[in-house]
Every structure is written in C-alpha cells, then in structure tokens.
Amino acid sequence: MKMTHDTKEDAGRWRLSAFIDVITASTVSGLMGGCDGRPCFFRVRSSSQRVSDTVASSPFVTISNEALQGSALDFAFPRDTNLLERCDAFHEWQNVRAQSGTWPFGRATESRPTSKCYVRDYSGWNMNGLNFASQDYLSLSSHPEIVAAAKDAIDEYGVHSSGSSALVGNSSKSLALERNIADFVQVDEALLFPTGWAAGFSGIKGLVRAYDHVVMDRLSHACLQVGAQSATRSVVCFRHLDINHCRQRLANIRARDSKGGIILVTESLFSIDSDTPDIQAMQEIAKEFDATLVVDVAHDLGSLGGDGTGHIGLQRMLGKVDLVIGSFSKTFGSNGGFIATKNAAIKEYLRFFSPPCTFSAALSPIQIAVISKSLDIVRSAEGSRLRRKLMANIEFLRAQIQQRGMDVYGDPSPIVSVKTGCESLARMMSRELPNLGLIANLVEFPAVAKGKARFRLQVMADHSEEEIVLAADILQRASELAKDHIGLYSGDPC
C-alpha cells in the first residue's frame, strides 16, 4: 500500500498508533482506601508528607539497558514463518520492561474513574493515586443521574441490543439519540456506531473505493489511518496543520486524476499535541479541489466551547463541515461513536456499506441511555458550569507544570501533554510516578517522534486544585529521581 510521509519517524508513527491508543485509554478507576492486604506497589503518602521528601520504594530493583532502549516498532514487522512464534520476541522485551517497572501499559481498574484511582498494573502490583489517566473530561461517568438512567434502561429494554443497526439493533431511544446528535452539531442526520474507532474507520472505509484518494493530516488518529489504508492504495499525508502542504497534496492528485473522489481528513483537536486546525480553511480547500472534508471531533465535542460544540462551534463551522465524526468515550460516559452528515442518502449508504455498522451489534440500551443523559447535561446549564470548571483546571495545571520548570505541548484542552523528551528518561519517570502517587499515561515512540516522549495528563472537571498542585509536584519529583537513576543504570543514554 502507498502511504506518503515526510520523515522516517512519521512513517513509523502511524504503524503502532492503534497500539498506543489502546494502552493510553486503559486506566480508569476510583479511590480505594489502602491496599487491603494485597501486594502494594507503594505506600500511600500522608497529607503532611512533602513530595520532595518521598523516595522511590518500588519492588523493582534492577534496570537493564534493554528496558530503557528500543521501541514497540522494533517488533511490528517480524519475518518468522511461524505467525504465532513471531510474538515471542515482543513478549520477552515487554517482560524485561515490566520486571524493571518501566512498562506502564495494560493496567486494569478496580473501581470508578474518579479523580483518585486504584489500578493493578501489568505485573499485578496495585497502585493507588491521583488519576490523570482516565478520559472522563466532564466527570460524567459517575454522575448520579446518568447512573440512574442506565439502571432504568435495563428495566425497560434489558442489557443487549441483540442486533446491528442494519437489522433490529436500534430502539426508539437510539433513533432519538441520532436526532439529538444531529441537532447538536447542526446537521440533518446522524448514524450511531458501537465505538468511536468504528465511526472513524467507517467514515473513510464506507465511502472511499480503490480508485479514490485520501489526503490526511499526518497526525490523524489510527482509526482514520487504518480506515484509509483498508480503502485505497492512494493515501498521502500532509505536514501537521500545514494548509499550504495540504493544498499541494490535493493539487497533485487533481493534476493526474480529475474524476476520482478525494476525502480530506483532519481532527478538531489532536490528542497528542493538543492543537487544532483552521477548519474553515480546510473546508474551503476541500471545495476548491472537489474533495470531501471529514473532521473527527472525538476530544473536544462536549468538553470545550461555551455550548459544548468544541472547535467546530468555536470556529463557527457548525453545519458547514461535510462529515463530522465523533466518539462518546471522552466526554459522554460510554463507548460509542457517530457520523453526522447533511442528508439521509449518506447516512443510509454508510449504514449498509460500513462493515462495523452492518456486522457489529448496535449500542446497548445501557449505552444509549448513558449517552443520551450525558448529552442532556452537556447542553444544560450544568454542562456549561462543568466546562468552565474543566477549563479552569486545565489552565491551572498547565501553569503549575510550567512554574516547576517543565513545559507542555499545544493549547489549553483536556489533554495536557508534559514534555519529557528522552525515552529512557520518560520510562524511568513512569517507574517512579505510581510510587509517588500519580497515575498518568506515557506516550513514546512510535506514537510520537523519537526524543519527543511525553506524559499525557487528562484533566477532569472534578479534579481539585489540591490534586492538581500535588500532581505537578509529583511530576517534578519523578523527573528528578529519573535523572538520578539514568546515570546509575544506563550511562546516561539520553
């Protein structure tokens, strides 16, 4: 397949972005008091103990160079003839990192995704601390009205949709939710999908054929990239947020193919760098070259803007974008996704030509109830209050991090990506953070370029100022400890 990138790092970045996306969405839980006799990764610090006085006391003793070097990309394209045995080398490397405490992925939750969490890591150690890893921007997943709506849905409809939306998987509540989502983003139609991934994949796969073309921002989400790769060999990327390079890519395609379809793909808020495109300029370029613009609003719809319509609303582009793709899992308390469009013909075509829609069971009655009630709150005065609180927390956290000599990527959003740089330093920090009392997601190559590792903190409306200050203190202390350890264990590979 043809995939055009600007650097070798970009070429590596998309290949495992799906893997990184899965592991960075894996930590959701709530406060538990102590370890209840189970193996503790660390001791819970008393409220009077300063983070600067805390010394790492994890069960991991030795760290090999192997744990601090290499990446998942090294194992992405094995050539052994036995497909099953190909997995062994990756698993060995994974276990080396796990045994040294530098594998912060695959964690399992123990309770609700509140501002403090209790999780079990890949090696079975328990961790208790501040939760800046969950995607629950308005803190709706435990909202009492939403919990009650879920319980009521079970009484009325049971627990399972029992079919795809192409057959009998929808209910009257599902159809009402589709109408409400369409109204929210000011278009005529919306189609629900079982996951946000399925919606992103289907928005491209359902429309694009082998003789068509995809032009996409090089940092587009993995679901969009995989959808493009599965649809056509003609996939080209433009430099991140670079309108001129985007225009050049489109012009090159139209110069050699005046009849093929082109889909232009971007996101309203990029979750790794926390930045956003000029959506109006993107739509104008799409029209200039007879292309269809797709905007993925997964991270900002519901959580940003005075009315919750995210950057499309902030940029006054509601109802003007060709296709809007969204996910419910960041702000609306449930798995699920949607595609919003301007007419019923597109909706019905996607329903029957998008494999995840046709061949997957529809959202369950519980999910429909949760999303519907979440949307009600998002559009209410309470939703406005929660967004104001969320933005205050975002700006406060960014300021606290910068006051401690660290820096963050992008613009204010629920994603606060803390610059770390060197992969080995970031891995050592990931070893220290749970011991100090912070659960945060490490993002490293190939999800980002080499030397651009970071911790992606995800802010919630229910985080308190005290928790935010403590999180910044912990990040600073973890960085200090990691820098000390780097020289000791690996001869300063940075």
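**View 1. Glu444 and Arg427 pair up in a salt bridge.** In this predicted model, their side chains come to 2.9 Å, N to O (a salt bridge is a side-chain nitrogen of Lys or Arg within 4 Å of a carboxyl oxygen of Asp or Glu). The contact links distant parts of the chain, 17 residues apart: Glu444 sits in the loop between β14 (441-443) and β15 (453-458), and Arg427 in helix α16 (residues 423-436). Helices (H or I, at least four residues) and strands (E, at least two) are DSSP runs, numbered from the N terminus. Glu444 is buried at 3% relative accessible area, and Arg427 is buried at 0%. Here buried means under 20%, exposed over 50% and partly exposed in between, with a 1.4 Å probe and protein chains only. Through shared salt-bridge partners, Arg97 joins Arg427 and Glu444 in one network.

**View 2. Arg379 reaches Asp183 in another salt bridge.** The N to O distance is 2.7 Å. Arg379 comes from the loop between α14 (365-378) and α15 (381-403), while Asp183 belongs to helix α6 (residues 172-184), 196 residues away. Arg379 is partly exposed at 39%, and so is Asp183 at 45%.

**View 3. Glu348 and Arg351 meet within helix α12 (residues 344-353).** They are three residues apart, about one turn of the helix, and their salt bridge spans 3.0 Å, N to O. Glu348 is partly exposed at 35%, whereas Arg351 is buried at 8%.

**Notes on the views.** Residues are numbered from 1 along each chain as its sequence is written, and side-chain values use heavy atoms, leaving out hydrogens and water. Local features need pLDDT of at least 70 and side-chain atom pairs 80 or more, while totals for chains, interfaces and linings use all residues.
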